[in-house]
Amino acid sequence: MLKEHLDYVADAARLESFRAAIARTVPPGSTVVDLGCGSGVLGLLCLQAGAARVYAIDETDMIEVARETLARAGFADRSTCIRGRSTQLELPERVDLAICDHVGYFGFDYGVIGLLADARRRFLKPGGRLIPQQIRLELAAVGSEKCTELVDNWGAERVPPEFHWLRECSVNTKHPVELGKDDVLTSPAPLAEIDLRADNPEFVSFSAGLQATRDAVMHGLAGWFDCQLSDGVHMTNSPLADRPIHRPQAFLPIAEAVTLHKGDRIHATVIARPADALLAWNVRLPEAGKRFSHSTWHGLPMTPEQLVHANPDRVAKLGREGRARLAVLGYCDGKRSAREIEEAVLREHPQLFPDRAEISRFVARVLGRDAA
Ligand SMILES: C[S@@+](CC[C@H](N)C(=O)[O-])C[C@H]1O[C@@H](n2cnc3c(N)ncnc32)[C@H](O)[C@@H]1O
């Protein structure tokens with residue numbers, strides 16, 4: 001986990017962009033929520049820029065790293081570190097700025113739209129600001145040894161043949177890949193502009209027309225972002241940029257390599273439901289006479305339970321765990337103590353738990369997660 005965050009903290013281009021955006025957006029005395037704070041680095045930059053208070057939120061153990069780092073930097077009294085999922089927490093006050101780096105590899109694929117929509121609704125003061133503000137998605141056709149490997153690894157000779165069927169899953173997976181300029185076979189096309197300050201649809205479909213700039217072999221599409229952190233300050237992971245941040249691009253494979261000739265057209269559509277990390281891509285190559293259709297829906301074999309839940313007409317019923325949670329939360333009325341809740345569950349729902357010790361553990365777990 002620390003290794004991932006070292007990559008973020010050691011990325012000079014990224015920090016430079018955030019520092020510049022913060023300088024333009026955080027007047028001294030501002031209050032800030034740092035969503036998915038990880039090491040706490042973005043909150044730290046805000047405090048160094050004069051923020052009066054930072055609420056730093058992370059759902060992993062990284063919250064302890066953030067707490068310790070901000071304290072060692074002398075900001076213990078101006079920072080509040082909260083462990084949990086931002087969408088399930090309350091803040092004691094509304095703030096002037098919500099900041100995050102939730103732009104993933106392809107801009108919208110790490111949940112930034114939902115995260116900031118929730119923060120705008122529940123955490124920001126009227127007129128409060130966001131960093132980032134806007135994301136431009138770019139798409140290009142790509143071909144490289146790295147791309148082939150990502151798709152073909154499961155079919156390689158060294159892999160026992162019983163596993164070769166998993167190539168079908170790799171070809172329906174979004175892969176992080178570090179591309180060079182030479183791997184990009186078309187000019188990038190702007191795919192979409194997402195304004196994070198406004199409401200966005202839950203389901204998006206973007207199309208782009210691409211054209212091969214040279215003869216080459218295409219292995220799929222690659223997407224990346226140009227993210228506007230504040231007016232005039234951008235950061236990008238484009239492999240074509242002079243000073244990109246250190247972050248892979250999103251590679252969307254096609255089932256077979258296609259030889260392109262200079263000028264060949266590629267019609268691409270990317271369809272996504274960002275909240276579910278669901279992504280589909282269709283590629284049509286008129287000159288080569290090929291069509292491909294892929295989706296992360298096929299990227300992993302589904303469990304029988306997932307298949308059942310995928311049926312929209314199905315009427316859901318709570319299982320034992322769900323009924324137990326409902327019982328515990330039903331008694332959580334802001335008046336009963338944990339012991340009283342245990343007693344009530346034991347009295348009213350004796351069939352849900354084998355013994356008292358399990359009730360105690362379960363109540364502690366549910367209250368620890370869902371109650372303040
Ligand atoms: C891409 S890292 C960014 C970390 C840090 N903000 C930075 O810029 O270096 C995302 C972090 O957000 C956390 N995270 C993701 N979604 C979250 C959520 N809804 N609430 C709290 N933490 C979240 C993850 O645990 C991870 O530490």
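Helices, in this text, are DSSP runs of at least four residues, numbered from the N terminus. Keep that in mind as you work through the exercises, and remember that the model is predicted.

**Exercise 1. Explore the surroundings of the ligand.**
Find out how many residues surround the ligand, and which helices supply at least two residues of the shell.

*Solution.*
Step 1. Start with the count: the ligand is surrounded by 18 residues. The closest are Arg14, Gly36, Asp58, Ser86 and His102.
Step 2. Sort the shell by character. It holds 6 nonpolar, 7 polar and 5 charged residues.
Step 3. Turn to the helices. At least two residues of the shell come from helix H1 (2–9), and at least two come from helix H3 (41–48).
Step 4. Place the ligand in the protein: the largest pocket is where it sits.

**Exercise 2. Look for polar atoms beside the ligand.**
Which atoms of His5, Cys37 and Glu59 lie 3.5 Å or 3.3 Å from an atom of the ligand?

*Solution.*
Step 1. At His5, look at the side chain: one of its polar atoms is 3.5 Å from an oxygen atom of the ligand.
Step 2. At Cys37, look at the backbone instead, where an N or O atom lies 3.5 Å from a nitrogen atom of the ligand.
Step 3. Glu59 also uses a backbone N or O atom, here 3.3 Å from a nitrogen atom of the ligand.
Step 4. Now consider the surface. The ligand taken alone exposes 590 Å², and the protein buries 95% of that.

**Exercise 3. Follow the chain into H3 and out again.**
Is Ser39 buried or exposed, and which residues of H3 are buried?

*Solution.*
Step 1. Locate Ser39 in the loop between strand E1 (31–35) and H3.
Step 2. Apply the cut-off: a residue is buried under 20% relative accessible area. Ser39 has 11%, so Ser39 is buried.
Step 3. Check its side chain, which has a polar atom 3.4 Å from the backbone nitrogen of Val41.
Step 4. Move into H3, where 7 of the 8 residues are buried. They are Val41, Leu42, Gly43, Leu44, Leu45, Cys46 and Leu47.
Step 5. Leave the helix: H3 is followed by Gly50, which has a positive phi, near 110°.

**Exercise 4. Classify Thr213.**
Where is Thr213 found, and what is its relative accessible area?

*Solution.*
Step 1. Thr213 is in the loop between strand E9 (204–211) and strand E10 (216–230).
Step 2. Its relative accessible area is 39%, so Thr213 is partly exposed.
Step 3. Finally, relate Thr213 to Arg284: the two are 71 residues apart in sequence, and their C-alpha atoms are 17 Å apart in space.

Definitions and conventions
Residues numbered from 1 in each chain as written. Predicted model: local features only at pLDDT ≥ 70, side-chain atom pairs only at ≥ 80, totals over all residues. Heavy atoms only, no water. Near = heavy atom within 4 Å. Polar contact = N/O pair within 3.5 Å; in protein donor to acceptor, adjacent residues only side chain to side chain. Areas by Shrake-Rupley, 256 points an atom, 1.4 Å probe, with all protein chains shown as cover. 1 Å grid on protein atoms, 1.4 Å probe; cavity = no way out; pocket = protein on both sides within 12 Å on 5 of 7 lines; lining within 4 Å. Sits in = over half its atoms within 2 Å of the grid points. Nonpolar A, V, L, I, M, F, W, Y, C, P; charged D, E, K, R; others polar. Buried < 20%, exposed > 50% of the residue type's maximum accessible area, 1.4 Å probe, protein only.
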